[in-house]
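Colleague: I have a structure to go through with you. Can we take it one question at a time?

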Amino acid sequence: MTGRPSPAPPAPFPLTRRSFFGAGAASLGALAASPLAAQDASRGFTHGIASGEPAAHSVMLWTRFVAIEPTLVRFEVSGSEDFARIVSGGEVEAELNRDWCAKAVATELQPGTWYYYRFVAPDGSMSPVGRTRTLPEGPTDRFRMAVFSCSNMGFGWFNAYRHACEADGFDLAVHLGDYFYEYKYGEYPSLANAVEGRIAAPREETVHLAEYRLRYASYRRDPDLARLHQLYPMISIWDDHESADNSWKGGAVNHQPDSEGPWAVRKAAAMRAYREWMPVSEANWAQYQVGDLATLFRLETRLTARDKQLDVAAAVKGVPADRLGQALAQFKTREWENPARDMIGPFQQQWLATGMKDSVASGRKWQVLVQQVVMGSLLLPPQIAQGLPASAPEAVRKGVAAAMMTARAGIPFNMDSWDGYPAARTRVLGAAREANANLVVLSGDSHNAWACELQGAGIEFAGQAVTSPGYESIVTWKAPDEMARELVASSPDLKWAETASRGYMAVELTPARASCEWRFMDTVRKRSDRLAKTHTMGADFGARTFSAT
């Protein structure tokens, strides 16, 4: 990169025709009838369609219709792409106060069924055709989810979305947060690391409602994200970057009240824009029944109850070297292990504990947490400083030295994950054990791929980022394979790691097994659907530990 601003992003690619699931199913021809690239960005249906919040007999539908006054648009749902028979429909208003975004719930649908849907304006113009699916009811032999997190447009193309669309083999898309990033242009990524043409509007940091809305509008013009929403229903939840970096209920690292105003105002704007632009309900947390196979629990760990992240460096700042060990020990017992510190709050905790018991009592096999941050405990390896060049900046060398001392005190390195809230984690895992749940935790946020066993309560599939860089961009003096081996050796919960590649998780549930295939893209620096490699792990029902297939 030259450091000069990149040209404006290209118009999205047309949504092409593809066959769907083989013999006996309709083609996706109708899904390409109104390519997103051909739509006027300022009037009418500007950003395609999306669906979410699936249930056995209903699903939420989304579109955006820009007009000069509030307008009722009709939604139609059919079992065939020619819409020969409309099985559900109604009207919903698009109006300025909701940024022209319109959401409706289609009801009276059949369980475990693929449907086509579209919106029709009063003048007869139509949105693109979308495809969605209801959740199964009763005996369910198999359920597959494409799981994503951490999609920073500036770092590259959303090839993970593209691959999941081309694979055409999922019942549901799940997004665990960091659907977009709030930074101003040139900050993260820097101009030197940004991919040419991948510029999100606005160029300034998103702070106010109009800016959050514009960032969503910009991301939703991406061709692969548009097609992902077009082909699959999505369950999604925000993480921090939909508001600001390392956000919590009372603030964020990337929020300065003196110049950006009250955090409560910014947080409300971020939450409002998310609920306008995403096919999600107003509920902060929710559960979804997947036949007799599983219950999915969508958690909120970020904005409603999370206490402020601990700062180990601040806790020992100015402490003499001969007293650092004592200071860290006090920090560990008084602050880190403080039972009052929380991530999800007592109301959500009780809801989750009751929900897991009810799920097990109903005979459902798996209890799946759809949530943001890594739950397994990750400890910095003692060999982390080996290979650090003498020419490394002083700040890096001091940081590594401090991290090593923290690790020797038995304190994990990521205070923004569940590792920063051990008492809250203990409450969740204890509730899972008390319910006799077969817990499967889906996690994002870290940009890296992890497989953890959760203290006898279940397993965790933690996913790599769609584009955001992982530890290969931080610990540059170690080979990624070496870094992964050392992390596994130092962290009892951690059974496997990959810290250098981007992609997504393909998670499959059957009555006998829960498994994950981590799919790593060959590149994000150019648009491609080529995989570089995969890795698969899973657990048998009742085992709560990983086992060979």
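**Strands, helices and a pocket**

Colleague: How many bridges join strand 12 to strand 13?

Modeller: Keep in mind that this is a predicted model. Strand 12 covers residues 294-298 and strand 13 covers residues 366-370. The two run parallel, and the number of bridges joining them is five.

Colleague: Which residue in strand 13 is the bridge partner of A294?

Modeller: Look across from strand 12 to strand 13, its parallel neighbour by bridging. There, A294 has as its bridge partner W366.

Colleague: Which strands are the edge strands of the open sheet of seven strands?

Modeller: The order is 11-12-13-14-16-15-17, with mixed pairing. An edge strand here pairs on one side only. That picks out strand 11 (286-290) and strand 17 (494-498).

Colleague: By what angle are neighbouring strands of this sheet turned against each other on average?

Modeller: Take the neighbours in the order 11-12-13-14-16-15-17. Ignore direction, and the average turn is 15 degrees.

Colleague: Which helix packs on the sheet, touching strand 15 and strand 17?

Modeller: Helix 8 (residues 345-361) lies across strand 11, strand 12, strand 13 and strand 14, at about 170 degrees to strand 12. The helix touching strand 15 (449-453) and strand 17 makes about 165 degrees with strand 17. That is helix 11 (residues 480-490).

Colleague: How many residues in the lining of the second largest pocket are charged?

Modeller: This pocket holds about 220 Å³ of space. It is lined by 14 residues, with T467, P469, E472, R502 and V524 closest to its centre. The lining has five nonpolar and five polar residues, and the charged ones number four.

Terms used:
Residues numbered from 1 in each chain as written. Predicted model: local features only at pLDDT ≥ 70, side-chain atom pairs only at ≥ 80, totals over all residues. Heavy atoms only, no water. Pairing = 2+ DSSP bridges. Helix = DSSP H or I, 4+ residues; strand = E, 2+ residues; numbered from the N terminus. Axes fitted to C-alpha atoms, helices over the stretch in contact; angles between N-to-C directions. Contact = heavy atoms within 4.5 Å. 1 Å grid on protein atoms, 1.4 Å probe; cavity = no way out; pocket = protein on both sides within 12 Å on 5 of 7 lines; lining within 4 Å. Points joined across faces, edges and corners; volume = space filled by probe spheres on them. Nonpolar A, V, L, I, M, F, W, Y, C, P; charged D, E, K, R; others polar.
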